Amino acid sequence: MIDFFPPALALVGGAIVGGIARGSVRQAVFLLAPLLTLWGIWQVPDGVIVTTEFLGYTIEPLQGSPLRRLFATIFAFMAFVGTLFAFRQAKWYELSAAHLYAAGAVGVSFAGDLITLFLFWELMAIFSTVVVWCGGGARARAAGIRYATIHLLGGVILKVGIEGIMVHTGSIEIQAIPLDTFDAWMVLIGVLINVAAPPLSAWLADAYPNSSPTGSVFLSAFTTKTAILALILLFPGAGILVPIGLVMIFYGIVMALLENDVRRILAYSIVNQVGFMVCAVGIGTEMALNGAAAHAFAHIIYKALLFMSAGVVVYRTGENLCSNLGGLYRTMPVTAICGIIGALAISSFPLTSGFTTKSMISEAAMLEHMSVVYFLLAAASAGVFLHAGIKFPWFVFFQKDSGLRPKDAPWNMSAAMIIMAAACILLGVFPGPLYELLPYPVDYVPYKAGKVVFYLQLLLFSGLAFFLLLPWMQRTMTITLDVDWLWRRALPAFWEGCARLIGVVRQHVTRAILGFGRRAGGRLMDVLGPSGTLGRSWQIGTTALWVALMLATYVTVYYL
Amino acid sequence: MSRPDDDHWLSRPTTVRKLWWAFAVLLALTVLVQIVFPVDGHFGADGWFGFAAVFGFGACVIMVFFAKALGMLLKRPDDYYDD
């Protein structure tokens, strides 16, 4: 059967043992489990490794390929650095939940069939909800329930699709599915819900900022990126993904521009960045799929770095809002510099990981002569610098002097941020090793003088736009309604309206019945009541007359 | 808006002015350097002189104005969802 180590098992084991153990043993277990997983991931050879039978279907819980190893690697790496960031500050159950969540992500990466994929998919849904709940307080509880509802709904839709495919084709193999059946569309919709594609995109920006400062670091990494892997495996080149990706890109930018909550800005920029990947999967060429995979890899690193930087700020100041922050560079230089490196990477500045990976997607659009897509992606790159690249560091670390003088990050948080920041720059300067790991052979030179000039102009002039439009960018104490308004306000209001309508109808019906009853009762009282025709006491004469009449009737009837 | 005890070099007005100048020079350089390293535009327009500068700036202005307009419709006080 299994003659080697299933990688996700180390994280599951670590989560359980870490929960039981105490003190430094617990910390050691939490730190070592992701590393053991990472080692396990690199022991998985190509092809299907383990097969077993379940309900007559062949289950392949472990299937290796370069693409799958790439995603599993970054998930395990992320679990390790995230744990390093969190292990001294987070509650043990948050770490346990985060590890089970990461185990789900690694499990999905190696799933060889749709049933295994679904099981790990749900494992992620459950334990990511627990991570959201670890934010504590009423808001996190409510946000967690909304988050779980959307993901369970997504899970059901995915399940409908998977069962349809099982019944109609008899195969549960993970392979490219043509989008010509109801089942395929159900699977696609189920996956797209996890990608945070519209219209159900709001779960991400609703839940992540309500988690703990450490929890949001884990949340930023796994759900959307496993969904990207699923899209690459199941729907490469599905044309519909290009417009969906573009909508996500611009939705993320515009919503982030309006946002005041620091971590919600970053949450919207996840949607924006994942939009680039969705778009790339839709383009579907080898270059585009390489771009999607490479960008997912780089994105997990710089996005986690940004959430770490924001997390330290929230942890140290207790403040979430741009309008209450500012000027923190004075006392938090490490957090500020790491945050700026993450911000430059997400903006795909030359010499950062964003440049060497995201530009592959633009290049793929160019090679396919998709001019509209290419120019929209270029505009979006400018927009990313605007909404995340400058906005995040500017409002948190510079802007005005908020008067806050928090201490810089604790040593483990600093170490985690420095590792991630170094990775952003290493992948930007030496992209070769990452290109080696991509699913298709890479024939791409990221640094061509003309292209660097193009991007520098694009980005720096976006920076100019930011500072010239600064009065328009000032944050106010407001939130911006998103689609979650539909289920947080419209649906309850509709329900309340229905209840009120039913109440009114019931009142009328009750009144009508009571009125009828009263009227009917009144009539009966007229006849049978103490003063009614039949109820009142009669005079002797009248009674004798009636008795005589009845007797006469009886005698007559008897003799007939 | 700095506190009296705050004399960090980055927050001094003279530094800020110098930074603006440096930024302006940098902006000019990134455009001028296109003379030496031409951008090979795949679609024609993207190879024009200073195209990316104008395009990036314009795109940002449009996005900010669009966001502002949308904000007028969709902004609510931040305790909107608190019951």
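**Close-ups of the two-chain model**

In this predicted model, the elements of chain B run from a lowest mean pLDDT of 87, for strand 1 (residues 75-77) of chain B, up to a highest of 91, for helix 2 (residues 51-74) of chain B. Averaged over the chain, chain B comes out at a pLDDT of 84, and 90% of its residues score at least 70. As for the complex, the predictor hands it an ipTM of 0.90 and a pTM of 0.89.

**View 1. Chain B on its own, a chain of 2 helices and 1 strand.** Reading from the N terminus, you meet the elements of chain B in the order α-α-β. The radius of gyration of chain B is 21 Å, whereas a compact globule of 83 residues would sit near 12 Å. Boxed along the principal axes, the C-alpha atoms of chain B take up roughly 55 × 40 × 15 Å.

**View 2. Where chain B touches chain A, with 42 residues from chain B and 40 residues from chain A in the contact.** Which element of chain B brings the largest share of its side? That's helix 2 of chain B, with 16 residues. Helix 1 (13-32), helix 2 and strand 1 of chain B each put in at least two residues. Sort the chain B side by class and you get 26 nonpolar, 9 polar and 7 charged residues.

**View 3. A strand pairing across the two chains, between strand 3 (residues 478-480) of chain A and strand 1 of chain B.** In which sense do these strands pair, parallel or antiparallel? They go antiparallel, over 3 bridges. Zoom in on A:Ile479 and you'll find its bridge partner in strand 1 of chain B, namely B:Arg76.

**View 4. Chain A as a whole, with 22 helices and 3 strands.** Along its principal axes, the C-alpha trace of chain A spans about 125 × 65 × 60 Å. Its radius of gyration is 32 Å, set against a value near 24 Å for a compact globule of 560 residues.

**View 5. Helix 1 (residues 7-20) of chain A beside helix 4 (residues 92-110) of chain A, with axes that come within 8 Å.** The two axes cross at roughly 170 degrees. Helix 1 and helix 4 of chain A are therefore roughly antiparallel to each other. On the helix 1 side, the residues making the contact include A:Pro7, A:Leu11, A:Val12 and A:Gly18. Across from them, helix 4 of chain A offers, among others, A:Trp92, A:Tyr93, A:His99 and A:Val106. The tally by class for this contact is 12 nonpolar, 6 polar and no charged residues.

**View 6. Helix 3 (residues 66-86) of chain A alongside helix 13 (residues 286-317) of chain A, with axes within 10 Å.** Here the crossing angle is roughly 10 degrees, which means that helix 3 of chain A is roughly parallel to helix 13 of chain A. From helix 3 of chain A, look for residues including A:Leu67, A:Phe71, A:Met78 and A:Phe85. They belong to a contact that takes in A:Ala293, A:Phe297, A:Ile300 and A:Met308, among others, from helix 13 of chain A. By class, this contact holds 13 nonpolar, 1 polar and no charged residues.

Definitions and conventions. Residues are numbered from 1 along each chain as its sequence is written. Chains are lettered from A and ligands numbered from 1 in the order in which they are written. This is a predicted model: local features need pLDDT of at least 70, side-chain atom pairs count only at pLDDT 80 or more; totals for chains, interfaces and linings use all residues. Axes are lines fitted to C-alpha atoms, for helices over the stretch in contact, and angles run from 0 to 180 degrees between N-to-C directions. Helices (H or I, at least four residues) and strands (E, at least two) are DSSP runs, numbered from the N terminus. Angles under 35 degrees count as roughly parallel, over 145 as roughly antiparallel, 65 to 115 as roughly perpendicular and the rest as oblique. Two residues are in contact if their C-beta atoms, placed from the backbone, lie within 7 Å. Ala, Val, Leu, Ile, Met, Phe, Trp, Tyr, Cys and Pro count as nonpolar, Asp, Glu, Lys and Arg as charged, and the others, Gly among them, as polar. pLDDT is the predictor's confidence in each residue, from 0 to 100. Two strands pair if DSSP finds at least two bridges between them. The radius of gyration is taken over C-alpha atoms; the globule rule is 2.2 Å times the number of residues to the power 0.38.
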